[in-house]
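Morning, everyone. Please pull up the sequence and the structure, and we'll walk through the helices.

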Amino acid sequence: MPEFVNPFTGMVPERKMTMEELVRAVRLDIAGELEAIHGYMAHADATDNPLAKAVLIDIANEERIHVGELVRLLSILTGNEDEFLKRGAAEVDTMVAKIAPPVQATAGGGVPSIGSLKSG
Ligand SMILES: [Fe+2]
């Protein structure tokens, strides 16, 4: 979110960041992108104006690309981020396997909605 009240926002510090500080900064940048996606999608959902909705969703999707760029950067900087992400994905996959059958395309070619995961 913008911090216009803080007069020091954006000022370059007296020194460059350490690697640990850079990693934390990139994590914060990822959070900022996710927050932006949330805001754009909430605004798109809150309007019936088709042009505004299309522009907001397009921007939200661009932010999703930025998340991918930053996650890749984080992976390179930390050297082990992918391992943690894979472990998280595997934990969810284990839960999905217990709760619902594997997600498959529907007869119409689409992907099932979350409703398909609800028990009957
Ligand atoms: Fe962005």
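In which hand does helix 1 pass helix 2, left or right? Helix 1 makes a left-handed crossing with helix 2. Keep in mind that this is a predicted model.

Stay with that pair. Helix 1 covers residues 19-45. Its axis and the axis of helix 2 come within 9 Å, and the two cross at roughly 165°. Angles over 145 degrees count as roughly antiparallel, and therefore helix 1 and helix 2 are roughly antiparallel to each other. What sits in the contact between helix 1 and helix 2, by class? There are 21 nonpolar residues, three polar and six charged.

Now helix 2 by itself. Helix 2 runs over residues 50-78, 29 residues in total. From first C-alpha to last, helix 2 reaches 42 Å, close to the 42 Å expected at 1.5 Å a residue. Right after helix 2 comes Gly-79. The phi of Gly-79 is positive, near 80°.

One residue to pick out: Asp-58, found in helix 2. Buried or exposed? Asp-58 counts as exposed, because it has 11 C-beta neighbours inside 10 Å, and the cut-off for exposed is 12 or fewer. Asp-58 also pairs up with Met-41 for a distance check. The two are 17 residues apart in sequence, and 9.6 Å apart in space, C-alpha to C-alpha.

Last, helix 3. Helix 3 takes residues 81-99, which makes 19 residues. End to end, first C-alpha to last, helix 3 reaches 27 Å, close to the 27 Å expected at 1.5 Å a residue. How many of its residues are buried? Zero; helix 3 is hardly covered.

How values were computed:
Residues numbered from 1 in each chain as written. Predicted model: local features only at pLDDT ≥ 70, side-chain atom pairs only at ≥ 80, totals over all residues. Helix = DSSP H or I, 4+ residues; strand = E, 2+ residues; numbered from the N terminus. Expected span 1.5 Å × (residues − 1). Axes fitted to C-alpha atoms, helices over the stretch in contact; angles between N-to-C directions. Parallel < 35°, antiparallel > 145°, perpendicular 65-115°, else oblique. Left-handed = near helix turned anticlockwise from the far one by under 90°. Nonpolar A, V, L, I, M, F, W, Y, C, P; charged D, E, K, R; others polar. Buried ≥ 20, exposed ≤ 12 C-beta atoms within 10 Å, placed from the backbone.
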